[in-house]
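The following paragraphs offer a guided reading of a single protein model. The reader is invited to keep the sequence and the structure in view throughout.

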Amino acid sequence: MLNDTQRIKSFLPWVVFFVTISSACLLFLLGIHFAKYLIFAFSILSIVLIFDKETFKESIKQISIFLTPWLFWLLSLLVLSAIHGADGYSYGYNALLIMVLVFLSLQPISLSRNLLIRVIALFLFFMSIAIIIHVLTIGFIDNGVYSVNKNKVAGVVTFLSICCFSSLIFEKDIFAFKEQIFIALSVLTSLLCIVLLEARTALLAYFALVLVVCLGKKFKVALVVLIISCIMVALFSATGRIQQGISDLQNFQDGNNRTSWGIRLELWKFALIGFCDSPVYGWGSKAFDALVDNGYVFGVQDYFRTHFHSDFFQTLVGGGLIGVIGWISTLILLVRQSWKDSTKLALLASILAMGLTDRYWSHWITFYPFVSLWVLLYLSGDSEENRIKNV
């Protein structure tokens, strides 16, 4: 009986790992809020059953190191919640809870980067194949794939692809040759998937990866990544998506703003107007509605979207200087914390790059996968301060 109990205790952290990686790669993307509660439930169960007083102090020390960069952003959310109300900010608190619970529940195991990337690559490959089949056989339904906005789908696929691609670049030696081949195949399949999705925003993540590779002083590899990114641009041109973007900008100059890029530009102008009139604490999580309700006229008639198609402008108009300073401070500290882990740095660069023209940090469907991958990458890091103590 005692042995059975010990087996359950030793197995539970791996259940948490599987639930977390499944949620990050798939369940959150499908819009399943229940995935969050699965993580909470299994994590709490694991923590309660495996709690050890002797290692508690070490756990607190380790998690305080991990959480320190996030505190500035979370503090800004608390201040904005007090000013504007908590509605719209709960995704940030839930993200914090996901990271804390996963961190603590995985303490008894030693999670290797090799295993993590292989599992991510496996999910990435089959997800990409499923999406490719869907697009080729059914096409887009209401601009979505499996009832999810294609930009969100492409965003999560890109997160996974960037993790695999950067790990293959910077941590090649931890993989056997066959593993390298499979990871490379997963990345190539994901690139084809993104091209078929025609999600132009995803291109920004791969150009951001070029910068990360340059920072890692792998300039020849950076050239290869740049060439691959340019090939993707050429393939997007073949589908007409690049030309459509150029046409949108030309139409905007001619006075027609009812296009994809025209609406974005009007939204960003609207955000700047809102920021100028409330620069300290912004207009809250529903800034667009707040501006309209206060008599501001948006430049595109009959437009009912409630966000600004950019994490940067969303933060600027929604939280003012309080939100911007808190967010930027956290980003700087996350970069500093990840400076020796290029895979983490590449993941961070990807969400920031794509966030230039859409919501990824500011929307739970893409932010929960990001923070889940972030904590798993942290726990599988090579540096001593990032590695979980094996209990």
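Helices here are DSSP runs of H or I with at least four residues, numbered from the N terminus. The model is a predicted one, and every value below was computed from it.

A convenient place to begin is helix 6, which covers residues 113-137 and contains I117. Is I117 buried or exposed? Its relative accessible area is 0%; because the limit for a buried residue is under 20%, I117 counts as buried. Leaving aside neighbours within four places in sequence, the residues in contact with I117 are C163, C164, S167, F175, I183 and L377. For one of these partners, C164, the C-alpha atom is separated from that of I117 by 6.1 Å, although the two residues are 47 apart along the chain.

The next element to consider is helix 8, formed by residues 177-197, in which S186 is found. S186 likewise has a relative accessible area of 0% and is therefore buried. Not counting residues up to four places away in sequence, S186 touches A121, L124 and F125.

Attention may now turn to helix 14, which runs over residues 311-337. How far would a straight helix of 27 residues span? At 1.5 Å a residue the span would be 39 Å, whereas helix 14 spans only 22 Å between its end C-alpha atoms. Helix 14 also has a kink of about 130°, centred on G319. At the start of helix 14, a side-chain oxygen of S310 comes to within 3.2 Å of the backbone nitrogen of F312.

Aromatic residues form a further theme. Across the whole structure, a search finds 31 aromatic pairs. W364 and Y368 make up a tilted pair, with 5.6 Å from centre to centre and 50° between the planes. Both residues belong to helix 16 (residues 364-379), and because they are four residues apart, about one helical turn separates them. An α-helix has 3.6 residues a turn, so residues three or four places apart point the same way. W364 and Y368 are both buried. One aromatic cluster is formed by W70, W73, Y91, F159, F312, W327, W361, F367, F370 and W374; among its members is F312, whose backbone nitrogen was met at the start of helix 14.

Two rings, finally, are accompanied by a charge. The charged end of K152 sits over the ring of Y360, at 5.1 Å from the ring centre. In the case of W261, the charged end of R264 sits over the ring, 5.7 Å from its centre.

Technical notes:
Residues are numbered from 1 along each chain as its sequence is written. This is a predicted model: local features need pLDDT of at least 70, side-chain atom pairs count only at pLDDT 80 or more; totals for chains, interfaces and linings use all residues. Side-chain values use heavy atoms; hydrogens and water are left out. Helices (H or I, at least four residues) and strands (E, at least two) are DSSP runs, numbered from the N terminus. Buried means under 20% relative accessible area, exposed over 50%, partly exposed in between (1.4 Å probe, protein chains only). Contact means heavy atoms within 4.5 Å. The expected span of a helix is 1.5 Å times one less than its number of residues. The bend at a residue is the angle between axes fitted to the seven residues ending there and the seven starting there. A polar contact is a pair of N or O atoms within 3.5 Å; within protein, one must be able to donate a hydrogen and the other to accept it, and residues adjacent in sequence count only if both atoms are side-chain atoms. Rings of Phe, Tyr and Trp (its six-membered ring) pair if their centres lie within 6.5 Å; planes under 30 degrees apart count as stacked, over 60 as edge-to-face and the rest as tilted. A charge sits over a ring if NZ of Lys or CZ of Arg is within 6 Å of the ring centre and within 35 degrees of the ring normal.
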